[in-house]
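Let's take a walk through this one from the inside out. Have the viewer open and keep the sequence handy.

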Amino acid sequence: MTPPLRTGRVAPPPHPHRGATALSALTTLTAGLATAGARRRRPVTEVDRTVAVTVGAVTRPCRDVAVLDLVGDGDGDLPAWRPGAHVDVELPSGLLRQYSLCGDPADRRRYRIAVRAVPGGSGSAQVHALTPGTRLRLHGPRNAFPLATAPAYLFVAGGIGITPIAPMVRDAHAAGVEWRLVHTGRDLASMPLSDELAALAPDRVLRRPDDAGGPPSAGALLAGADPEAAVYCCGPPPMIEALRAALPAGQRFHSERFSPPPIRDGRPFTVAIAGGPEIAVPADRTALDAVREVRPDVPYSCRQGFCGTCHVRVLEGTTVADPAGPGRTALCVGRAAGERIVVDLGR
Ligand code: FES
């Protein structure tokens, strides 16, 4: 799986401090489907905590994709989650990678992730090398891509972007809400999970491999879509941007993409760490990347500003493009308004 770094949320949650605070806000957004015919569900209380798991079954349902069950250690339940949630997985090397949960939220004994092997991807290579019995630590789950109330859904997934979408489809189906799924990919052999979803309702699932007609246009992805449907898309940035541009004004659109947002019109600046060194941030790099070269212990998770993990206090200077709120900066996306900021890594 391409490491599914997250972005494009329609309603970024407030997250003035650490991830735990953000999670509380997100839980409210994932309170469930309240449409006619939808079942009422108790709200999930998501907790940002460290969870010990052991790798259980490992399957390879299609080319380059490993599906892993991560079984909770001990007798207790794993923390609850809702469709769209992800966990941060601490890999054996110490790398931290985010993966969407694609299993059944009702199964509180295990989480399931599906990971595509990315050429040159150190995280995905480590995941593919995991074997049953390996113990891991997770953080989360967190939800930056919550399924909100809607009268109908159109789900669009590009390749391994099916992972957060799959539990959404099952949820909508179980709740009796109208839904359709379009899944694209290079070929059917590289498109996991949607064959299982097609078993729920074959006429609602369109599996659209590029080798049978080329990459679909946004118009083709949206063909026949209910104008009232909320559109949920996870895939590569070009797919998301094309859909966003093609949708009629007012139609609800929620997306999650695989990579951090590009740096647009970046200018170089300096981050001075209080009591520490001054670090030059080039125009085409984030402060987080530059700081971590000197301080690799600085934590991060989403790399897109919303999780709160990299938020720190700004002691001098101001920032732009910054979701962290007054007096703070998200090192992963915030940039100095001037030439220099001073930050407190003590947070
Ligand atoms: S806010 Fe999540 S890593 Fe920066």
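Which residues in the largest nonpolar core touch the most other members? Bear in mind that this is a predicted model. The core has 31 residues, and the ones with the most contacts to other members are Tyr 153, Phe 155, Ile 165, Trp 179, Leu 181 and Tyr 232. If you want to see which elements feed it, colour β2 (65-72), β7, α3 (162-175), β8 (178-185), α4 (194-198) and β10, since each of these supplies at least two residues. Helix α3 gives the most, with seven residues. Now bring in the domain bounds: domain 1 (19-143) and domain 2 (152-257) both contribute residues, so this core lies between them. There's another core apart from it, made of 22 residues, including Ala 290, Val 312, Ala 324 and Ala 330.

Back to the aromatics. The count of aromatic pairs comes to four. Take Phe 145 and Tyr 232 to begin with: their ring centres are 5.7 Å apart and the planes sit at 50°, and because planes from 30 to 60 degrees apart count as tilted, this pair is a tilted one. Phe 145 belongs to the loop between β6 (135-143) and β7 (152-158), while Tyr 232 is in strand β10 (residues 230-235), so the pair ties together parts that are 87 residues apart in sequence. How buried are the two partners? Phe 145 is buried, at a relative accessible area of 2%, and Tyr 232 is buried too, at 0%.

Tyr 232 has a second ring partner to look at, Phe 155: here the centres are 6.1 Å apart and the planes are at 50°, so this pair is tilted as well. This pair also links distant parts of the chain, with Phe 155 in strand β7 and Tyr 232 in strand β10, 77 residues apart. Phe 155 is buried, with a relative accessible area of 0%. Put these rings together with Tyr 153 and you have one aromatic cluster: Phe 145, Tyr 153, Phe 155 and Tyr 232.

While you're at that loop, look at Pro 146, which also sits between β6 and β7. Pro 146 is buried, with a relative accessible area of 15%. Its C-alpha is 7.5 Å from that of Arg 82, although the two are 64 residues apart in sequence.

Next, helix α6 (residues 237-246). Which of its residues are buried? They are Met 239, Ile 240 and Leu 243. Look down the axis of α6 and these buried residues fall within an arc of 95°, so they line one face of the helix. The spacing makes sense: an α-helix has 3.6 residues a turn, so residues three or four places apart point the same way. On the face turned away from the buried side you'll find Pro 238 and Ala 245, both exposed. The cover over the buried residues of α6 includes β7, β8, α5 (218-222), β10 and β11 (253-257). Among these, β7, β8 and β10 are also elements that supply at least two residues each to the core we started with.

One last stop is strand β3 (residues 85-90), where you'll find His 86. His 86 is buried, with a relative accessible area of 1%. What does its side chain make a polar contact with? The partner is the side chain of Gln 98, at 3.0 Å.

Methods:
Residues are numbered from 1 along each chain as its sequence is written. This is a predicted model: local features need pLDDT of at least 70, side-chain atom pairs count only at pLDDT 80 or more; totals for chains, interfaces and linings use all residues. Side-chain values use heavy atoms; hydrogens and water are left out. Rings of Phe, Tyr and Trp (its six-membered ring) pair if their centres lie within 6.5 Å; planes under 30 degrees apart count as stacked, over 60 as edge-to-face and the rest as tilted. Helices (H or I, at least four residues) and strands (E, at least two) are DSSP runs, numbered from the N terminus. Buried means under 20% relative accessible area, exposed over 50%, partly exposed in between (1.4 Å probe, protein chains only). A polar contact is a pair of N or O atoms within 3.5 Å; within protein, one must be able to donate a hydrogen and the other to accept it, and residues adjacent in sequence count only if both atoms are side-chain atoms. A nonpolar core is a set of buried Ala, Val, Leu, Ile, Met, Phe, Trp, Tyr and Cys residues joined through side-chain atoms within 4.5 Å. Domain bounds come from an automatic or database domain assignment. The arc is that of the directions from the helix axis to the C-beta atoms. Contact means heavy atoms within 4.5 Å.
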